[in-house]
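Student: Please take me slowly through one part of this model. I'd like to see how it is split up and how it sits with everything else.

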Amino acid sequence: MTDGKLITGAELAASGSWHGSPQTQRRLRKRQAAEKRFRAYGLVAILMGVSFVALLFFDIVAKGWTAFMQTHIQLEVTYDPEVLGIADSGDTQALSRANYTGMVKAAMRKTFPNVSGRRAKRALYGTVSSGAGFVLRERMMANPDLLGSTEKLWLPADDDIDMLLKGHIRRDAPESDRRVSDQQIAWVEQLEQSGQIRKQFNTTFFTAGDSREPELAGIRGATTGSFYTLLVTLILSFPLAVAAAIYLEEFAPKNRWTDIIEVNINNLAAVPSIVFGLLGLAVFINFFGLPRSAPLVGGLVLTLMTLPTIIIASRAALKSVPPSIREAALGMGASKTQMITHHVLPLAMPGMLTGTIIGMAQALGETAPLLMIGMVAFIVDVPGGPLEPATVLPVQIFLWADSPERAFVERTSAAIMVLLGFLILMNALAVVLRRRFERRW
Amino acid sequence: MITQASPQTEESMDTGKPAPSRTASIGTRSRVSNKALDDRGFSETVGDITVDQPRMQTRDVNVYYGDKQAIKDVSLDIGRNEVVAMIGPSGCGKSTFIRCLNRMNDTIEGCRVTGTITLDKQDIYDPTLDVVQLRARVGMVFQKPNPFPKSIYDNVAYGPRIHGLVSSRMETDEIVQRSLERAGLWSEVKDRLTSSGTGLSGGQQQRLCIARAIAVSPDVILMDEPCSALDPIATARIEELIDELRENYTIAIVTHSMQQAARVSQRTAYFHLGDLVEVGETNQIFTNPRHRLTEDYITGRFG
Amino acid sequence: MTPKSTQNPQQIEEHTVKRFDQELDELNSLVLRMGGLVQDQITRAMDALREEDPEAARQVIARDHVVNFMDVEANERAVNLLALRQPMGRDLRMIMSLGKAVTDLERIGDEAERIARMTIHIYEAAGSQPSHKLLRDTHSMSSLAKKMLRDALDCLARLDVELALEVAKGDAELDSEFQSALRRLATYIMEDSRNVGHAIDVTFIVRSLERIGDHAKNISEYVIFLVKGKDVRHVSPESLDQDFLEQA
C-alpha cells in the first residue's frame, strides 16, 4: 500500500485488500471511541435524572417526616359541671355548647399553680393547642357519664411548642427572634422533667379535615375529596373513552372527518389544564348551575382533561391486537361485535386499564383546573358525598404551602409524601396489571 | 399495470370491449386460444374453467383496492371434493381471489368487488345474505397460524358456540374431539385441552386452526399459504391432512410452493398480474402448461 | 417484462437460477455427443462390412464401452437434475426426453456392435465369402437408417418438430425396405441352400438396421413430447401431423 494515492477508494474496496490496513485500523478505533462517547452521554443524562429525583425525594422526606409525630401534653382534666356550665348530662345541646376550653385552662392552672398575671396566663394557655377543647368535647359527647370525674389525658400541644420540641425553633436563639417565650420554654422543660410532654404518632393528620391550626389540620378532607373527584372521573371517563376508542379504531370510516376528530383528540391532550377549569366554570357551574367546589364538578372537569389521554392509550391498545386474531375471528364467522367483545377487547383491556390508571394518576395530581371551579376554598369538614364542597390533595398542598405557620411546612411535605405514595401505588398497579394480563401471541 | 400485450389484446383494452369468452355465462365452456400459446402477453384464460360438479363459481370477478385493480375478470369453478391450488408470483392476486370467496375482502377499506360469485348457485354478494352465515359455510385458514390466545378447547369450541351449534357441554366436547381428531391433533393435545393454543408448535397451531375451521362443518375451506411459516415435516403433515379433508370438503389453497400445489391439488390455477392465465388439471399444468407465462413461472424462469 | 422472445417461440428465457441452465445444457450436449459417437459407430460398422475388414469391426466392438459409459453418465445427470432442481413443465419434459433418448442411443450402439459381430462372423467363418448380392440390401437400408438417426439427432439439437414429424413418418419407409429385404433373402435361400448361413447373418444385420430406425423414430417422438407436451408414441402415423399437435 505504498502508492495508496494512486488507488481510488472504490478500487481498494473492490480488491478486498483494504481489510486490516492501517487506515482501517485507525478508522475502527475512531468509531469505537465515538460509540463509547455516545453511550456515555446517555448514561450522564440518566444519572442526572436519577439524582434530581433522589434530591427531590430526600428534600421532601427530610422536611416532612416529622409531621407524622405530634407533641402532646399530659394534663389532669376534671369534667367539672361548674366550669363546663352543664347541669344535666342528658342534654346533648348543652354538652356540645359547654365550655371545654375553660376546662383545659383549669387543668393548666392546676399543673402550673404559681403562674399569675393575665399575660403569663395567656402564654400558659397558649402552650396547649386551642383544639384541645374539641378532644374533650368528643370524649364527653361519646360518654356523658364522665361528668364530674377526673382523668389524665394527653392533649395536643400548640404548634409552636411542637416546633420547639422538634428542634425547628432553637432554644438558644434570642427571645425576640422566636415565637416561643423564655417563660414557655421553662414550662416545657418542667413538663419534660416530669414526663408530661412527649411526641406521639400524629393520628390527627390522617383523621381530621383542614384547620387554621397546624396541629389540628389533617388530610382526611382532601383525600376524601380526591376520592370522590376521581370516582366521578373514572365512572365518566373510562366507559366514554373506551367506547370512543373502539368506535374510532374499529368502526369509523377513514375519511376527512375522522382525521379531524383524531387530530383534535391528540390536540386536546395537549391543551393546558387550566383551560379545562375555565370551561368547567363556564359550563358546569355558571350554565348548568352545579354546586361550586363540589367533587362532581371537579370530576367532570378532570374527565374532560383525562378523556384524550385514555382514548389515545385505548386506541394504541386496540391497535396492538394483531390483525391475525381479528381475521381469525371474522374468518370463523364472528360478527364484528363478537370479534371485538370476544377477542379484541380482552386482549386490549390491560393496555386500556394501564392507560386509564395513568390518566387517573394525572387527574389525581391536577391542581389548576380545580382552582377555577372553587375547590380551593378553605373547607374544614370532611365531605360526605360528591355534591358537598371539598378540596383535593394537591390543592390542599397548595393551600398549606401558602400558610405562614412554620408547622405547615412539614405538613405540606407530609401531604406531598402521601400524594406521591398514592401516585406510586397507582403506577405500580398499572405495571402489575400489564404484567399480569398482558398476553403474548 | 400491463406493460405488454399482443396487438389484439391492446385493441380489446383500448375499445373496452370484452374478449368473446368473457361473456361466457355459467355453464358454457371456454375455449382454448391457440394464440395464447405463442404469446407472452395475456389475452384470455387458457384451459377449462368449469367442472362438472361446481361448488363455487366465479364469473368475471374484478377486485379493486381504491384505484388499483387487483384482479381482472377472473372466472373459475371450484368443484366438490377437490383441492384447487392457486399459484403465481407475489402480487398476482391469488390471495385476493380466495379472500373474495368468503368476503374477507369486505373488511379491507376501499376494496370493491364486481362480478358474480356463487356458492351452490347462491350469489354470496347478495345484500340479503348474511356474511356471518357465509363464513360459517366457507371457512378460512390463514398464512400465519393464528389461534386465539385461549385454551385449545375454547379455540375449537368458539365457532360452534357463536353459531349456536351446541347447547350442552357434552355436545361441545364431542365436536371439539371430532374436529381435533380430523385435524390429526387429538392424540397430541387430548391431555392438555385447557392449556393455551398459543403454546403449541407452529405446525400444531396451524392444525388447531384447521380444526377450528372444520368445527363448524363448512362446505368449503380456503387456505391462504397455510404452510409458509412451517418446517418441512409440519408442512407434510398439513398436506396429508388436506388430502384427507378432501373427502368431505372442497378446498381452495393459495401457495407459493409449486411443489406443494403439485402435491396436494387436483386442479391448479395460475394467476399473473391479476389475470387468471391458465387453469387445468394439476398434472397437465406441471408437465405441460399451455401458456408461456405458466410455463415460465413453473420452470423458474421468472417470478 | 417486455419479452423479446415473442417473435420466436423456440427461444427460451434463462432460468432465474443460472446453474440450472448450465446443468441442463451439459446434459443436452452430453446426449448430443453420445449421438455423434453412436452415428460414428454405425458408419464404421457398416464400412467394416463393406470393406470386409474384421479388424475395423473389432474396433467398433471395443468402442461400445464408451457409449455405455456415456449412457451411465447421462442417466446420473438426469437423476441428479430431477432430485435437486425439481424441474417442472418444459424442463421436466426435457430431462425425461433426454433420459429416454439416451437409452435409445445406447441401444443403437448395441445394434452397431451386433453388426460388427456379424461382420466378423461372416468374414472369419470357415467357408465361402457371401455374394455381394446378399449384402446389397444392407447398404441401402444403412443409408436410410443413418439418415433417420442424423435427422433425429438434428431435431433433438434444434427442437425442430417439423423434422421430428418427418423422421417419425420416415420409419415406415425403412420398415418396408426391411420387409422386402427379408423377402429377397428368402428367395436367395430357396435358390441355393448353401446361402442359408450367410443369409441368417445378413438377416440379423438388416434387423439391426431396422431397429436403429425404430430407435431414431423414438428419439424424434421424444422431441415432439418435449416441445409440444404430447405423447405421440402410440399414435398412427397417418393422423400424426401439425394439426394433431395443436389440438387441445
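Tutor: Let's start with chain A, which is divided into domain 1 (68-202) and domain 2 (220-437); those bounds come from an automatic or database domain assignment. Keep in mind that this is a predicted model, where local features need pLDDT of at least 70, side-chain atom pairs count only at pLDDT 80 or more, and totals for chains, interfaces and linings use all residues. As for the labels, residues are numbered from 1 along each chain as its sequence is written, while chains are lettered from A and ligands numbered from 1 in the order in which they are written.

Taken over C-alpha atoms, the centres of domain 1 and domain 2 of chain A are 45 Å apart. Five residues of domain 1 of chain A are in contact with four residues of domain 2 of chain A, where contact asks for C-beta atoms, placed from the backbone, within 7 Å. On its side of that meeting, domain 1 of chain A has two nonpolar, one polar and two charged residues. Here Ala, Val, Leu, Ile, Met, Phe, Trp, Tyr, Cys and Pro count as nonpolar, Asp, Glu, Lys and Arg as charged, and the others, Gly among them, as polar.

Now for the neighbours. Where chains A and B meet, 20 residues come from chain B and 16 residues from chain A. Helix 3 (131-137), strand 6 (138-141) and helix 4 (152-162) of chain B each give at least two residues to that side of chain B; helices (H or I, at least four residues) and strands (E, at least two) are DSSP runs, numbered from the N terminus. The residues on that side of chain B are ten nonpolar, six polar and four charged. Chain C is another story: no contact joins chain A and chain C, and their closest C-alpha atoms are 24 Å apart. Of the two pairs of chains in contact, chains B and C share the most contacts.

Chain B has eleven helices and ten strands. Of its 303 residues, 50% count as buried, meaning that 20 or more other C-beta atoms lie within 10 Å of a residue's own (12 or fewer is exposed, in between is partly exposed, and C-beta atoms are placed from the backbone). Chain B also has an open sheet of four strands, ordered 2-1-4-5, with antiparallel pairing. Its edge strands, each pairing on one side only, are strand 2 (68-79) and strand 5 (122-123) of chain B; strands pair if DSSP finds at least two bridges between them.

Finally, what ties chain A in with the others? The largest nonpolar core has 239 residues, and those with the most contacts inside it are Ala252(B) and Ala45(C). Such a core is a set of buried Ala, Val, Leu, Ile, Met, Phe, Trp, Tyr and Cys residues joined through C-beta atoms within 7 Å. Helix 6 of chain C gives the most to this core, with 14 residues. Back in chain A, domain 1 (68-202) and domain 2 (220-437) each provide at least three residues of this core. Leaving aside neighbours within four places in sequence, Ala252(B) is in contact with residues including Ile78(B), Val84(B) and Met86(B).
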